[in-house]
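Please open the structure in a viewer and keep the sequence panel at hand. The tour proceeds by selections, each followed by an account of what is found there.

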Amino acid sequence: SNIVYDKAFQIVHTCKMQKHWELRDDIEKIFVSEAARKSWDGQGQIIPNMTINQNIKKSYLFVSATRLSWEQGENRIHRFAKMLKDRGVLFTWLVFSDHAPKQYTDCLVYRQPTLDILSYVKNADAFIQLSDMEAFCYSIVEAMSLGVPVVTTKISSAEELVGEKGFVCENTEEGIYIVLKEVLINDDLLKQKRKNLINYTTSSD
């Protein structure tokens, strides 16, 4: 009652879902869609809700298939994820494991293990393995054979399996940070590694 105006509009963002809902008769209506206007049997303009054009940041998809245990780097997975989030990297990280996580970290999505995760790996930006030690990590070889770059800690067989075709980091916070800073935030490096893996097989030197 204390506002003075020449003309008023009522913007209707919802369909009429309750019989007792009513619109004011003395105000011009603006509906956000034809569906909204029809539901009210009303007269008025249609002006759809606007969206704002903006630069969309790249979001990443990571995949891991591992037991959630100390030797398989469960704590490292959470530290890695937290570092990514703290640096503004947008990502979803699928972790296939039959162990329940001991803690929750946003963007980590835990899935029950399945014998067919290759379609998930194939579409990933990187396969991540953060174990303390692996004599032969079959999942690393599978990922690389699909042309997917691997980020791994310096496990026993890392140089033998991954070499220059992936990213090997030290089993330390600083080592993981270097990979984050110089690799995952630089999309061109991921693309180059993927290109290098096109003809990769287990017999590659």
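Which residues of helix α4 (residues 138–145) are buried? Select the helix in this predicted model: the buried residues are S139, I140, V141, A143 and M144. Display the surroundings as well, for these buried residues pack against β4, α3 (118–122), β7, β8 and α5 (158–161). Just beyond the end of α4, G147 takes a positive phi of about 80°.

**Strands β7 and β8**

Next, select β8, residues 150–153. This strand is covered on both faces: V150 and T152 are buried on one side, and V151 and T153 are buried on the other. Add β7 (126–129) to the selection. The two strands, β7 and β8, run parallel and are joined by three bridges. Across from V150 of β8 stands F127.

**The nonpolar cores**

In general, nonpolar side chains tend to be buried together in soluble globular proteins. Here, the largest nonpolar core has 24 residues, and those that touch the most other members are F62, F80, L84, F91, W93 and V151. Colour the elements that each supply at least two residues of this core: β4 (59–65), α2 (74–86), β5 (90–96), β7 (126–129), β9 (167–169) and α6 (173–184). Of these, α2 gives the most, with five residues. A second core, separate from this one, has 19 residues, including L94, I117, F127 and I140.

**Helix α2**

Select α2 alone. Its buried residues are E74, R76, I77, H78, F80, A81, M83 and L84. A distance between the end C-alpha atoms gives a check on the helix: they are 19 Å apart, which agrees with the 18 Å that its 13 residues should span at 1.5 Å a residue. After α2 comes G88, with a positive phi near 75°.

**The aromatic cluster**

Show the rings of Y60, F62, F80, F91 and W93, which ring pairs link into a cluster. The model holds five aromatic pairs. A pair of aromatic rings is described by the distance of the centres and the angle of the planes. For F62 and F91, the centres are 6.0 Å apart and the planes meet at 35°, so this pair is tilted. Because F62 lies in strand β4 and F91 in strand β5, the pair ties together parts that are 29 residues apart in sequence.

Are these two residues, F62 and F91, buried or exposed? F62 is buried, at 0% relative accessibility, and F91 is buried too, with a relative accessible area of 6%. Now select the surroundings of F91. Leaving aside residues up to four places away in sequence, F91 touches Y60, F62, A81, L84, K85, D106 and C107. Remaining with Y60, add K58 to the view: the charged end of K58 sits over the ring of Y60, 4.9 Å from the ring centre.

**The loops on either side of β6**

C107, one of the contacts of F91, lies in the loop between β5 and β6 (108–111). Its phi is near 85°, a positive value in a residue other than glycine. Move on to T114, in the loop between β6 and α3. T114 counts as partly exposed, at 41% relative accessibility. Select A65 together with T114: they are 49 residues apart in sequence, and their C-alpha atoms are 9.5 Å apart in space.

**The three-stranded sheet**

Turn to the open sheet of three strands, in the order β1-β2-β3, with parallel pairing. Which strands stand at its edges? They are β1 (9–12) and β3 (45–46); each has a single partner strand, so one side of each is left without a neighbour in the sheet. Four bridges pair β1 with β2 (residues 28–31) in the parallel sense. To view a bridge, select I11 and its partner in β2, I30.

**A final selection**

End with K38, in helix α1 (residues 34–40). K38 is exposed, at 57% relative accessibility. Add S97 to the selection: K38 and S97 are 59 residues apart in sequence, and their C-alpha atoms are 50 Å apart in space.

Notes: Residues numbered from 1 in each chain as written. Predicted model: local features only at pLDDT ≥ 70, side-chain atom pairs only at ≥ 80, totals over all residues. Heavy atoms only, no water. Core = buried A, V, L, I, M, F, W, Y, C linked by side-chain atoms within 4.5 Å. Buried < 20%, exposed > 50% of the residue type's maximum accessible area, 1.4 Å probe, protein only. Contact = heavy atoms within 4.5 Å. Pairing = 2+ DSSP bridges. Phe/Tyr/Trp six-rings, centres within 6.5 Å; stacked < 30°, edge-to-face > 60°. Lys NZ or Arg CZ within 6 Å of the ring centre and 35° of its normal. Expected span 1.5 Å × (residues − 1).
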